[in-house]
Amino acid sequence: MTGEEVLKCGEEYLMQTYSRSPLVPVKGRGARVWDVSGRCYLDFLSGIAVNSVGHCHPRVVAAIREQAGELLHCSNLYWSGPQVKLARELARLSGLDRAFFCNSGAEANEAAIKLVRKYGYEHGKTCPEIVTFTNSFHGRTLGTLAATGQEKFSKGFTPLPGGFRHIPFNDVEALRGAVTPETVAILVEPVQGEGGVYPATPEFMAALGEIRAAHGVLLVYDEIQCGLGRTGKMFAFEHYGVRPDVLVLAKALGGGLPIGAIVARDGVANPFQPGSHGSTFGGNPVACAAALAVLQVIREESLVEKAEQVGWYFKRRLEELKGRFQLIREVRGCGLMLGIELDRPGKELVALCEERGLLVNCTAEYVLRFLPPLIIGMDEVDEAVSILAEALQEFRKAC
Ligand SMILES: Cc1ncc(COP(=O)(O)O)c(C=O)c1O
């Protein structure tokens, strides 16, 4: 199919849930993708924080090929080697105990919500409530939309399930005031992604730890976007030293294959017993083999340390751009999860970058977001920044 044929077919046969650029990628290697006409792009979006070890990493591809040749699917009525190994590895890395696998971020948050609700009932709550935050994003299922702190995502989809209380993010006073005897858990992204790349403050995360100690409330961290090395630590919570009771992962975990996971400490994982929750495809052997390879690559190529170092350099280069372009209001984020807040909507800037061979995206309307693969070096940062500078010059003239 030519690019035009793909677009025409998509416009005719797909539900139009995305406002897509006309780009049709057909090949990816490392930090680069090629479109259907053979044009190459520097990918600073990574499928929205999915291709963290780069496109088609040979180890990940080999693990997928090998597992696909042995067993594609195995019901959760039986045991699976790749699944149990991945559970063990995630427990080891997070310091938690037990994992449950599913197929996406939203599903993983659903599992976390169900787990803590059941925990709440088993600990004497009559109507367990979960505290979540304005500007958060937790997914597109009804439960995760109810948890999400941005009404634009749930418009037209009400009624949503109850049991969530939204309070302002990074507001310690509001947090302390929100906890009631019915509060079972606090669900938070340590770095808000879709909301516009907002890291939690150390005071806020410390307050979460204090509230847990005082009230026995569970801490659930949605690290679907900010986890697995993205922020320059294996998990974003390590920046703060406040461990979760339940950790939620997806996106980068499968290196491009769909997988989601929750990992919980022992006492908290117990409410899930045979029959409580499940997923036909969750923990699929091919997805788990890919995830094991991703974790191995992260370790062997020191990608967490790299994300931290290259992230600092990238942030400094973005600060320089801020000095040159008044339309940049703020540079935010950590590691390789960075954003620049603009004084105007950034959609056109994304298109200008793309025309010049750089893939980025705009979130929360005003924030240009960078989520490059963790394998990038300073050279690629320089290349991206010079394309961005050109695009900003054009953008400033045009708007
Ligand atoms: C923090 C966070 N939670 C949940 C989700 C939903 O994940 P998925 O799209 O895999 O359902 C996302 C996706 O962007 C996310 O960034």
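These are my notebook entries on the ligand shell, the aromatic rings and some backbone details of a predicted model.

**Entry 1: the ligand shell**

I began with the ligand and listed the residues around it, which came to 13, with Gly 105, Ala 106, Asp 222, Gln 225 and Lys 251 as the closest. I then asked which element gives the largest share of this shell. I found that helix H5, which spans residues 105–122, supplies three residues and so holds that place. Sorting the shell by class, I noted three nonpolar residues, six polar ones and four charged ones.

**Entry 2: polar contacts of the ligand**

Next I looked up the individual polar contacts, taking the backbone before the side chains. A polar backbone atom of Ala 106 lies 2.8 Å from an oxygen atom of the ligand. From the side chains, I recorded that Asp 222 places a polar atom 2.7 Å from a nitrogen atom of the ligand, while Gln 225 places a polar side-chain atom 2.8 Å from a ligand oxygen. I also noted the cover: on its own the ligand has 390 Å² of accessible area, and the protein covers 82% of that.

**Entry 3: aromatic pairs**

I searched the whole structure for aromatic pairs and obtained nine. The pair I took up first was Phe 169 with Phe 204, whose ring centres are 5.4 Å apart and whose planes stand at 65°; I entered the pair as edge-to-face, because planes over 60 degrees apart count as such. Where do Phe 169 and Phe 204 lie? Phe 169 is in the loop between strand S6 (164–167) and helix H7 (172–178), and Phe 204 is in helix H8 (residues 202–215), so the pair ties together parts that are 35 residues apart in sequence. For both rings I checked the accessibility: Phe 169 has a relative accessible area of 13% and is buried, and Phe 204, at 0%, is buried as well.

I then turned to Phe 235 and Phe 237, where the ring centres are 5.7 Å apart and the planes are at 0°, so I wrote this pair down as stacked. Phe 235 is buried at 0% relative accessible area, and Phe 237 counts as buried at 4%. I closed the search with a cluster, since Phe 44, Phe 314 and Phe 370 form one aromatic cluster.

**Entry 4: charges over rings**

I also looked for charged side chains over ring faces. Lys 27 lies over the face of Trp 34, at 5.4 Å from the ring centre. Arg 344 is placed over the face of Phe 395, and here the distance to the ring centre is 5.9 Å.

**Entry 5: backbone details**

Going through the backbone, I asked which form the peptide bond from Thr 158 to Pro 159 takes. I read it as cis, with omega near 0°, and I placed Pro 159 in the loop between helix H6 (142–147) and S6.

I next noted residues other than glycine with a positive phi. Ile 48 has a phi of about 55°, sits in helix H2 (residues 46–49) and is partly exposed, with a relative accessible area of 27%. Asn 170 has a phi near 65° and lies in the loop between S6 and H7, which is also the loop that holds Phe 169. Is Asn 170 buried or partly exposed? With a relative accessibility of 25%, Asn 170 counts as partly exposed.

**Entry 6: separations along the chain and in space**

Last, I looked up two pairs of residues that stand far apart in sequence. I located Asn 51 in the loop between H2 and helix H3 (58–68), where Asn 51 counts as buried at 12% relative accessibility. Its partner was Pro 373: the two residues are 322 apart along the chain, and their C-alpha atoms are separated by 6.0 Å.

For the second pair I took Gly 282, which lies in the loop between helix H9 (266–269) and helix H10 (285–300) and is buried at 3% relative accessibility. How far is the C-alpha atom of Gly 282 from that of Val 26? I noted a separation of 27 Å for these two residues, which are 256 residues apart along the chain.

How values were computed
Residues numbered from 1 in each chain as written. Predicted model: local features only at pLDDT ≥ 70, side-chain atom pairs only at ≥ 80, totals over all residues. Heavy atoms only, no water. Near = heavy atom within 4 Å. Polar contact = N/O pair within 3.5 Å; in protein donor to acceptor, adjacent residues only side chain to side chain. Areas by Shrake-Rupley, 256 points an atom, 1.4 Å probe, with all protein chains shown as cover. Helix = DSSP H or I, 4+ residues; strand = E, 2+ residues; numbered from the N terminus. Nonpolar A, V, L, I, M, F, W, Y, C, P; charged D, E, K, R; others polar. Phe/Tyr/Trp six-rings, centres within 6.5 Å; stacked < 30°, edge-to-face > 60°. Buried < 20%, exposed > 50% of the residue type's maximum accessible area, 1.4 Å probe, protein only. Lys NZ or Arg CZ within 6 Å of the ring centre and 35° of its normal.
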